[in-house]
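Work through the exercises below with the structure in view. Each task is followed by a solution in steps.

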Amino acid sequence: MKSNNDIKIIAAFIITILILVLFYFGAYLPLRKSQIHINAVLNLQNGKVRTLDDMNNLFNSVLNFYSPVGQDETTQYYLGILLNIINQQSNKDVIDVLARQAENQMEPILKAGKGFNFNQNLYTLGSIYKITALKSRDLGYYQKAVNIFNNGLKYSPNRLIFLMGLFDIYSANTDDKEKALETGKTILKYYPNEKRVEEYLMGK
């Protein structure tokens, strides 16, 4: 039969292990991921990224590093970079590669249907699809953009960023003018100061 002293030693050992586990997952891993992320951002800002492979090699180290927190924030930053590059890119093949990278990175977040900055990440992915569709005239990306923005409205009804995303994509397609008008009316119902939408509707 164990003595009270033995029980105390075992209890202290278990508590110590639990504290170490909590520290590892709750402090060390998030801190380490943050450090890797900051290093990647600094390298990007210092002009050390010259090719797509450079960027992938740099950010894969962040994106693939496991931490119970921080992945959504890292994804948000990464998607923002991809969106910025796509906005400046004219090569359809490169745009397609970048859009697919964004899609792959967002896949687990979309499956989870939640997360820190989930709506913002959803909107950025929708914007990537939208710009890709407009630049490549690819109906597949067009429909993906529509689906993402509609999905965003399910999570956040009547949110302006998703309504404007739909409005932009519909108004750019001559086959969806009626949907653009309908979406525009919804926008002005909740956001009457959106002059660009108002001018579009007045022109129709």
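A residue is called buried under 20% relative accessible area, exposed over 50%, and partly exposed in between. The model used here is predicted.

**Exercise 1. Describe the make-up of the chain.**

Step 1. Start with the secondary structure: the chain has 9 helices and 0 strands. Along the sequence this reads α-α-α-α-α-α-α-α-α.

Step 2. Turn to burial. Of the 204 residues in the chain, 38% are buried.

Step 3. Take the surface next. The chain exposes about 12300 Å², and 55% of that comes from carbon and sulfur atoms.

Step 4. Finish with contacts. Among those between residues at least 6 apart in sequence, 56% join residues at least 24 apart.

**Exercise 2. Classify the two partners of the salt bridge between Arg 100 and Asp 96 as buried, partly exposed or exposed.**

Step 1. Locate the pair. Arg 100 and Asp 96 are 4 residues apart in helix H4 (residues 92-112), so about one helical turn separates them.

Step 2. Note the distance: their side chains meet at 2.9 Å, N to O.

Step 3. Apply the cut-offs. Asp 96 has 23% relative accessibility and therefore counts as partly exposed. Arg 100, at 44%, is also partly exposed.

**Exercise 3. Describe the surroundings of Lys 130 and its salt bridge to Asp 168.**

Step 1. Place the residue: Lys 130 lies in helix H5 (residues 118-136).

Step 2. Check its burial. Lys 130 counts as buried because its relative accessibility is 10%.

Step 3. List its contacts. Setting aside neighbours within four places in sequence, Lys 130 touches Ala 145, Phe 149, Gly 165, Asp 168 and Ile 169.

Step 4. Look at the salt bridge. The side chains of Lys 130 and Asp 168 meet at 3.4 Å, N to O. This pair links distant parts of the chain, since Asp 168 is in helix H7 (residues 160-171) and Lys 130 is in helix H5, 38 residues apart. Both Asp 168 and Lys 130 are buried.

**Exercise 4. How many salt bridges does a search of the whole structure find, and which residues are joined into one network by shared partners?**

Step 1. The search finds 7 salt bridges.

Step 2. One of them brings together the side chains of Asp 176 and Lys 179, at 4.0 Å, N to O. Asp 176 is buried at 11% relative accessibility, whereas Lys 179 is partly exposed at 41%.

Step 3. The network with shared partners consists of Lys 130, Asp 168 and Arg 196.

**Exercise 5. Classify two of the aromatic pairs by geometry.**

Step 1. Decide what to compare. A pair of aromatic rings is described by the distance of the centres and the angle of the planes. The count comes to 5 aromatic pairs.

Step 2. Take Phe 118 and Tyr 155. Their ring centres are 4.9 Å apart and their planes stand at 75°, so the pair is edge-to-face. It links distant parts of the chain, with Phe 118 in helix H5 and Tyr 155 in helix H6 (residues 139-155), 37 residues apart. Phe 118 is buried at 6% relative accessibility, while Tyr 155 is partly exposed at 40%.

Step 3. Take Tyr 123 and Phe 149. Here the centres are 6.1 Å apart and the planes at 40°, so the pair is tilted. Tyr 123 in helix H5 and Phe 149 in helix H6 are 26 residues apart. Tyr 123 is partly exposed, at 23%, and Phe 149 is buried, at 0%.

Step 4. Extend the picture: ring pairs link Tyr 123, Phe 149 and Phe 162 into a cluster.

Definitions and conventions. Residues are numbered from 1 along each chain as its sequence is written. This is a predicted model: local features need pLDDT of at least 70, side-chain atom pairs count only at pLDDT 80 or more; totals for chains, interfaces and linings use all residues. Side-chain values use heavy atoms; hydrogens and water are left out. Helices (H or I, at least four residues) and strands (E, at least two) are DSSP runs, numbered from the N terminus. Buried means under 20% relative accessible area, exposed over 50%, partly exposed in between (1.4 Å probe, protein chains only). Contact means heavy atoms within 4.5 Å. Accessible areas come from the Shrake-Rupley method with a 1.4 Å probe; for residues, only the protein chains shown count as cover. Rings of Phe, Tyr and Trp (its six-membered ring) pair if their centres lie within 6.5 Å; planes under 30 degrees apart count as stacked, over 60 as edge-to-face and the rest as tilted.
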